[in-house]
Amino acid sequence: MQHTDTSEGRRSPDLRARRRRQTELEIHTAAVTLAVERGADQITVDEIAARAGVSARTFFRYFATRDSALVYDRWGFSTAVDEVFARMDPHEVRMRDIEQAFGSVLATVDGDPDVGTTVRMYQTVTSSPQLMAAATAATNERTDGLLATIPVTARSRVRFLLAVASTVLFATFTEWIESGSPAGVSDAPSALDTYRRLCDELPTL
C-alpha cells in the first residue's frame with residue numbers, strides 16, 4: 001500500500017497562520033510609525049500600505065480600517081484567551097487561568113527588542129478618543145466572538161471575567177510605561193511584575 005506523506009498538509013495551516021501574523025504585524029508597525037510621525041488623523045490606508053510594502057488591496061485583506069490596524073493586538077492576548085477556553089470547560093475558567101495566560105504573553109513583552117513600538121502604540125491610542133473607541137470596539141468584538149462559541153449559561157460570567165481581566169491588563173501597561181521601565185529606567189518593574197502585583201491587589205479592592 002502506498003504511503004502518503006501528510007506532513008506538508010499538517011504544516012501548511014501553521015505556516016499560513018505565521019505568514020498572516022507576520023503581515024499583520026508589519027502593517028500594524030507601519031501604521032504606528034506613521035501615526036507617531038504625523039498624527040493618526042493625518043495618515044491614510046494607502047500610506048500605511050506603502051510603508052508596509054503591500055498594496056491597499058492587501059491591507060484590506062487583513063484590516064477593515066486604518067484604526068483597526070493601529071489598535072491591532074500585536075502581542076496575541078486574545079489568542080491566549082481563546083486557547084484557555086479551547087482547552088477548558090467555560091464554566092470552570094477562573095480569573096487565575098486568564099492571569100496565567102496574560103502573564104505568559106507579558107513575559108514576551110519584557111524581552112522584546114522592539115518594545116518601543118508597543119510604547120508608541122500605547123501613547124498614540126491613549127492620546128486619541130477615536131482610537132480609544134476603536135480599541136474598545138475591537139475588544140468587544142473579540143469578546144462577542146468568543147462568547148458565541150460557549151454555552152449560554154456561561155456567557156454572563158465569562159463576559160464579566162474578561163472585562164475585569166482587560167481592565168487589569170490596561171492598568172498594567174499604563175503603570176509599566178509611566179514607570180519608565182521600557183526606556184530602561186533603573187529599578188523600574190517589568191511588565192510582568194507590574195501585572196502580578198496588580199493581580200494580587202485585585203481581591204483587596
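Q: What share of the contacts in the protein chain with a separation of 6 or more is accounted for by residues 24 or more positions apart?
A: In this predicted model, residues 24 or more positions apart account for 68% of the contacts with a separation of 6 or more. The C-alpha trace of the protein chain spans about 60 × 50 × 35 Å along its principal axes, and 41% of the 205 residues count as buried.

Q: How many helices and how many strands does the protein chain have?
A: The protein chain has 10 helices and zero strands. Read from the N terminus on, the order of elements is α-α-α-α-α-α-α-α-α-α.

Q: How should one read the packing of two helices, and where do the axes of α5 and α9 stand?
A: Two packed helices are described by the angle between their axes and by the distance between those axes. In this structure, helix α5 covers residues 77-87 and helix α9 covers residues 152-178. Their axes come within 13 Å and cross at roughly 145°. The crossing of α5 and α9 is right-handed.

Q: Which residues make the contact of α5 with α9?
A: From α5 the contact residues are F77, V81 and F85, and from α9 they are V158, L162, L169 and F173. Sorted by class, this contact has seven nonpolar residues, no polar ones and no charged ones.

Q: Which aromatic cluster includes F77 and F173?
A: F77 and F173 form one aromatic cluster together with F102, W176 and Y195. F77 of α5 and F173 of α9 also take part in the helix contact described above.

Q: How should one read a pair of aromatic rings, and how many aromatic pairs are there?
A: A pair of aromatic rings is described by the distance of the centres and the angle of the planes. Rings pair if their centres lie within 6.5 Å, and by this rule the count comes to eight aromatic pairs.

Q: Why is the pair of F59 and F60 edge-to-face?
A: Planes over 60 degrees apart count as edge-to-face. The ring centres of F59 and F60 are 5.3 Å apart and the planes stand at 85°, so this pair is edge-to-face. F59 is buried, with a relative accessible area of 0%, whereas F60 is partly exposed, with a relative accessible area of 47%.

Q: What kind of aromatic pair do F59 and F63 form?
A: The pair of F59 and F63 is tilted, with 5.9 Å centre to centre and 45° between the planes. Both F59 and F63 are buried.

Q: Where does R74 lie with respect to W75?
A: R74 lies over the face of W75, at 5.5 Å from the ring centre.

Notes: Residues are numbered from 1 along each chain as its sequence is written. This is a predicted model: local features need pLDDT of at least 70, side-chain atom pairs count only at pLDDT 80 or more; totals for chains, interfaces and linings use all residues. Side-chain values use heavy atoms; hydrogens and water are left out. Rings of Phe, Tyr and Trp (its six-membered ring) pair if their centres lie within 6.5 Å; planes under 30 degrees apart count as stacked, over 60 as edge-to-face and the rest as tilted. Buried means under 20% relative accessible area, exposed over 50%, partly exposed in between (1.4 Å probe, protein chains only). A charge sits over a ring if NZ of Lys or CZ of Arg is within 6 Å of the ring centre and within 35 degrees of the ring normal. Axes are lines fitted to C-alpha atoms, for helices over the stretch in contact, and angles run from 0 to 180 degrees between N-to-C directions. Helices (H or I, at least four residues) and strands (E, at least two) are DSSP runs, numbered from the N terminus. A crossing is left-handed if the near helix is turned anticlockwise from the far one by less than a right angle, and right-handed if clockwise. Contact means heavy atoms within 4.5 Å. Ala, Val, Leu, Ile, Met, Phe, Trp, Tyr, Cys and Pro count as nonpolar, Asp, Glu, Lys and Arg as charged, and the others, Gly among them, as polar.
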